[in-house]
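This report walks through one protein structure, moving from its overall division to a few individual residues. Please keep the sequence and the model at hand while reading.

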Amino acid sequence: QLQNKILILTICAAGIGGTFQYGYNISIINAPASYIQTFMNTTWLERTGVPLESNVVLLLWSFTVSAYPLGGLTGAVVAGPMAIMLGRKMSLLLNNVFVIIAATLSGFSRMAKSFEMIMLSRFFTGVNAGVSMNIQPMYLAESAPKKLRGAVALTSASFTALGLVLGQVVGLRELLGGEESWPFLLASNVVPALIQLTALPWLPESPRYLLIDRGDKESCISALQKLRGTSDLSAELEEMLAEQAAVKGQRAKNPWELFRNRALRWQLVSIVVLSSAMQLCGNDSMYFYAAYVFQEAGIPQDKIPYVVIGTGSCELITSVTCNVIIDYAGRRPLLLGGYIFMAGWAIVFMVALSQQTQISWMPYLSMACIFAYILSFGIGPAGVTGVLPTEVFDQMSRPAAYMICGSLLWFNLFLVGTAFPFIVKSLAHFCYIPFLVVCVCTALYVWFFLPETKGKSFLEISEEFRKRNFKTKTRGGFYKGPEEIKTTPL
């Protein structure tokens, strides 16, 4: 059916220039690391006649790597105002400007003999990823029908995983990962940007944004007709009008207002816990230090890039599987199962690492643990975490909630990337103990405090959280208060 095709095209057009870029740009920087460090040293030698010391080269490389999460944090902060003022679709389109600037800088860096251009390029690439990580799930969840909302929003995680795998493949020495071609590898992120700029303008804006934020009912109906076809829109439109009435007279909230608003307490705690856990669970450490971990596990140096592609493929397979089952299984079971399995595999992984010199088959168990850990992450936390802010916050709070989520995600990515080498140095084979603690605590939080959102309208989810947020007022013998709270239009 045409409407299904329009929805699928919307998902693909948003994803290819959106979260795909996040995964792609995380992985393409790993392959040319040694070549870029050599380029830094050679460039400095040509400028000054004095070579750089090895620790200075390492420091410059650290700045280059750190520029990405710093840019991501910047992107996460500007994403909220962009989504409110420009709309979801226009924000995604304008976001490609950052990638085009980044590709130009990195593509011409060797010709200009400037490693500073690579650092700046990574910053702009991060800004692009920060914006898309926030706005893409919001755009897709607001555009999807209720029964498919989880699956559609979860495609953001699938595109991230696809980006990781393609980045690993393109970064192979046989393709663009060689010494002569690394500037082209870093500039190759312009291709997805150009695809999005070509495809997305023809597709509809978020109907919810058009009606609730802009008050444009005609454009909303037009967008819904494109996305749903000739099917009866009255029920969905009625639900959206009810949501519009519930937030009437309100303006889009700022992040600090969410912290002060008691009616949003548990929603905020939930997204802070889950967004932090997504990075602090140790999954990205597998990608940042995969080569190191596989080397420790006894994999030959020349085979490591191919094994690393397998790790990305694991996350891709599980995120696609999660897409299929999320609207059947629900959000809570996937999150709970993911973190419980990750905790279990972290224990096995640490035991395997500690025994790998004593027992001949232990390196293979270490490898299996890495794959199992990434599979467990992909089946739940990787995708569900990005869906929840759209579902648990209303239209006026949603952009601010994504700003908080995105800021936590990028700050914790930077924190783990900086701290993990020191954790390895101090804890050696037991380096996953901090991640194990995070997984166990997050699983407990999900079990005790997070309600299921599967198949519920945004208003029904808001009502469920409202009961939790004002639970203390229902105790004792004073009964009128809760009734007043229940009937408030807020």
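A polar contact is a pair of N or O atoms within 3.5 Å, where, within protein, one atom must be able to donate a hydrogen and the other to accept it, and where residues adjacent in sequence count only if both atoms are side-chain atoms. With that in mind, between domain 1 and domain 2 there are nine residue pairs in polar contact, counting pairs in which both residues have pLDDT 80 or more. The structure discussed here is a predicted model.

## The two domains and their contact

The protein chain is divided into domain 1, residues 1-203, and domain 2, residues 257-470. Measuring between C-alpha centres would be one way to describe their placement, and by that computed value the two domains lie 21 Å apart. In the contact, domain 1 takes part with 41 residues and domain 2 with 43 residues.

The size of an interface is often given as the accessible area lost when the parts come together. Here domain 1 and domain 2 bury about 3,400 Å² between them, and 68% of this area is on carbon and sulfur atoms. On the side of domain 1, the residues that lose the most area to domain 2 are Arg149, Leu154 and Gln168, which together account for 18% of what that side buries.

Between the two domains the count of salt bridges is two. Arg149 forms a salt bridge with Glu391, and the closest N and O atoms of this pair are 2.9 Å apart. Turning to the helices, the elements that give two or more residues to the side of domain 1 that touches domain 2 are α4 (54-85), α7 (116-143) and α8 (149-170). The largest share of that side, 14 residues, comes from α8. Sorted by class, the side of domain 1 that touches domain 2 has 24 nonpolar, eleven polar and six charged residues.

## Salt bridges in the whole structure

Side chains of opposite charge can pair when their charged atoms come close. How many salt bridges does a search of the whole structure find? The search finds twelve, and the table lists some of them.

| Salt bridge | Closest N to O distance |
|---|---|
| Arg149 and Glu391 | 2.9 Å |
| Arg208 and Glu239 | 2.9 Å |
| Arg208 and Glu243 | 3.0 Å |
| Arg466 and Glu463 | 2.6 Å |

Arg208 appears in two of these rows, pairing with Glu239 and also with Glu243. The pair of Arg208 and Glu239 links distant parts of the chain, with Arg208 in helix α11 (residues 207-213) and Glu239 in helix α13 (residues 234-246), 31 residues apart. Arg208 counts as buried, because its relative accessibility is 3%, and a residue is called buried when this value is under 20%. The side chains of Arg208 and Glu243 meet in a salt bridge at 3.0 Å, N to O, and this pair, too, links distant parts of the chain, since Arg208 is in helix α11 and Glu243 is in helix α13, 35 residues apart. Both Arg208 and Glu243 are buried.The side chains of Arg466 and Glu463 meet in a salt bridge at 2.6 Å, N to O. Arg466 and Glu463 are separated by about one helical turn, because they are three residues apart in helix α24 (residues 458-469). Arg466 is buried, with a relative accessible area of 15%, whereas Glu463 is partly exposed, with a relative accessible area of 25%. Elsewhere, salt bridges that share partners join Arg88, Glu142, Arg208, Glu239, Glu243 and Arg398 into one network.

## Three residues in helix and loop

Is Ser109 buried or exposed? Ser109, which has its place in helix α6 (residues 109-112), is buried, because its relative accessible area is 0%. Leaving aside neighbours within four places in sequence, Ser109 is in contact with Phe39, Ser114, Met117, Ile118 and Trp182.

Lys113 lies in the loop between α6 and α7 and is partly exposed, with a relative accessible area of 45%. Most residues other than glycine have a negative phi. The phi of Lys113, however, is near 55°, a positive value in a residue other than glycine.

Leu175 lies in the loop between α8 and α9 (182-187), and it is partly exposed, with a relative accessible area of 49%. Not counting residues up to four places away in sequence, Leu175 touches Val169, Val170 and Ser181. From C-alpha to C-alpha, Leu175 and Leu154 are 30 Å apart in space, and in sequence they are 21 residues apart.

Technical notes
Residues numbered from 1 in each chain as written. Predicted model: local features only at pLDDT ≥ 70, side-chain atom pairs only at ≥ 80, totals over all residues. Heavy atoms only, no water. Domains from an automatic or database assignment. Contact = heavy atoms within 4.5 Å. Buried area = accessible area lost by both parts, 1.4 Å probe. Salt bridge = Lys/Arg side-chain N within 4 Å of Asp/Glu carboxyl O. Helix = DSSP H or I, 4+ residues; strand = E, 2+ residues; numbered from the N terminus. Nonpolar A, V, L, I, M, F, W, Y, C, P; charged D, E, K, R; others polar. Buried < 20%, exposed > 50% of the residue type's maximum accessible area, 1.4 Å probe, protein only.
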